[in-house]
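Me: Could you take a close look at one part of this structure for me, the packing of a pair of helices, and then walk me through some of the side-chain contacts elsewhere?

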Amino acid sequence: MADPTGVVLAQLGGPETLADVKPFLYNFFVDLIPDNIPVPKPFIKPTAWLISTLRAPHSRRLYASIGGGSPLRAQSEAQAHALRDELLRRGNAMPVYLAMRNWKPYSKDALRAAQSDGIRELVFLPLYPQYSYSTTRSSLNELKRVMREIGYEPELRVVEQYCEDPDYIAALVDVTRRTLEGFRAPAKTVHLIFSAHGLPQRYIERGDPYLDQVKKTMAAAIARLAHPGPMHLSFQSRLGPEKWLEPATELLIARLAADGARAICIVPIAFVSEHVETLNEIDIQYADAAAHAGITEFGRAPTVQCHPSFIACLANQTERALGAVAT
């Protein structure tokens with residue numbers, strides 16, 4: 001590691017206040033529209049402005065229900081600090097920068113800081129365990145675009161995914177097991193639902209590896225967890241009218257309840273920090289739907305956040321990217 005080296009953690013971002021919601025949505029749809037809505041390039045930004053304007057009131061209500069803003073930045077910064085400390089403990093002192101795709105701190109903020117610090121070798125490390133066009137590829141493309149824009153040319157080492165990393169799986173299993181231990185229902189009657197963020201089906205048909213990698217994460221977690229009850233995979237956060245990955249989490253909950261299930265534990269399998277998708281969609285919307293459907297015990301495993309095993313995963317991925325440890 002002769003050259004000054006750093007890590008850039010990539011994440012989506014989220015509005016920190018209710019006033020941030022509309023501009024965050026605008027950034028989100030500017031990124032989303034080219035792959036999802038067939039509009040000419042000059043109309044991308046006006047279309048994003050229109051959609052974000054129409055959607056903002058509903059989204060503000062969602063964020064108001066979880067305290068007025070997303071905790072994503074604070075939790076991602078905590079992960080960056082924990083990773084820096086773990087690398088230092090291993091004898092690899094290097095800065096860790098946070099780059100959000102759709103909110104502050106943006107990729108340009110992270111790269112200007114790295115450029116100012118004289119970083120010549122940079123590890124791109126996504127806070128998305130599974131690769132998708134809509135997350136990892138989008139964040140990496142934006143990072144490269146900004147590098148060209150500001151004339152910054154570090155040696156870039158890319159971590160694309162770590163969906164089966166043993167330390168990531170260990171963290172996921174630990175938070176799940178602790179949640180299951182709190183259930184009153186016998187373990188064999190608790191339905192475990194691994195809920196992943198959804199994607200349009202056509203992404204998978206175009207070669208997006210996300211679905212296969214989510215399944216690999218789930219299989220690895222199941223093997224270590226040894227839960228005696230039924231287990232399922234589902235998808236949440238559908239947006240728009242087209243066909244998305246199925247089954248939808250809320251529909252699966254309703255079907256299980258109709259079939260006699262009374263205890264459900266949700267595991268947010270594709271999230272490593274809390275989002276509106278976990279704090280509102282699962283904890284409020286799905287919990288309410290489950291109660292109305294007859295589910296008497298409903299719980300959710302927390303995201304891994306700064307779990308020591310997850311931070312070890314990030315440190316291992318960093319060192320492997322730099323060739324410091326064997327792959």
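**A helix pair and its surroundings**

Reply: Happy to! In this predicted model, helix α9 (residues 249-258) packs with helix α10 (residues 276-293) at an angle of about 20°, and their axes are 9 Å apart. Two packed helices are described by exactly these two quantities, the angle between their axes and the distance between the axes. Angles under 35 degrees count as roughly parallel, so α9 and α10 are roughly parallel to each other. Their crossing is right-handed.

Now for the side of each helix that takes part. From α9 come Thr-249, Glu-250, Ile-253 and Ala-257, and they meet Tyr-286, Ala-290 and Ala-293 of α10. By character, the residues of this contact divide into five nonpolar, one polar and one charged.

Helix α10 also brings us to Leu-62, which has its place in helix α2 (residues 44-64). Leaving aside residues up to four places away in sequence, Leu-62 touches Val-276, Asn-280 and Gln-285. Val-276 and Leu-62 are 214 residues apart along the chain, yet their C-alpha atoms are separated by 7.2 Å. Is Leu-62 buried or exposed? Its relative accessible area is 18%, and buried means under 20%, so Leu-62 is buried.

Let's turn to the aromatic rings. The structure holds seven aromatic pairs. One of them joins Phe-28 and Phe-29 in an edge-to-face arrangement, with 5.2 Å centre to centre and 80° between the planes. These two neighbours fall into separate accessibility classes: Phe-28 counts as partly exposed at 21% relative accessibility, whereas Phe-29 counts as buried at 4%. Ring pairs also link Phe-28 and Phe-29 with Phe-24 into a cluster.

Another pair is formed by Tyr-162 and Phe-310, and this one is tilted, with 6.3 Å centre to centre and 45° between the planes. The Tyr-162 and Phe-310 pair links distant parts of the chain, 148 residues apart. Tyr-162 sits in the loop between β4 (155-158) and α6 (166-181), while Phe-310 belongs to helix α11 (residues 308-321). Both partners are shielded by the buried criterion: Tyr-162 is buried with a relative accessible area of 2%, and Phe-310 counts as buried at 0% relative accessibility.

Key: Residues numbered from 1 in each chain as written. Predicted model: local features only at pLDDT ≥ 70, side-chain atom pairs only at ≥ 80, totals over all residues. Heavy atoms only, no water. Axes fitted to C-alpha atoms, helices over the stretch in contact; angles between N-to-C directions. Helix = DSSP H or I, 4+ residues; strand = E, 2+ residues; numbered from the N terminus. Parallel < 35°, antiparallel > 145°, perpendicular 65-115°, else oblique. Left-handed = near helix turned anticlockwise from the far one by under 90°. Contact = heavy atoms within 4.5 Å. Nonpolar A, V, L, I, M, F, W, Y, C, P; charged D, E, K, R; others polar. Phe/Tyr/Trp six-rings, centres within 6.5 Å; stacked < 30°, edge-to-face > 60°. Buried < 20%, exposed > 50% of the residue type's maximum accessible area, 1.4 Å probe, protein only.
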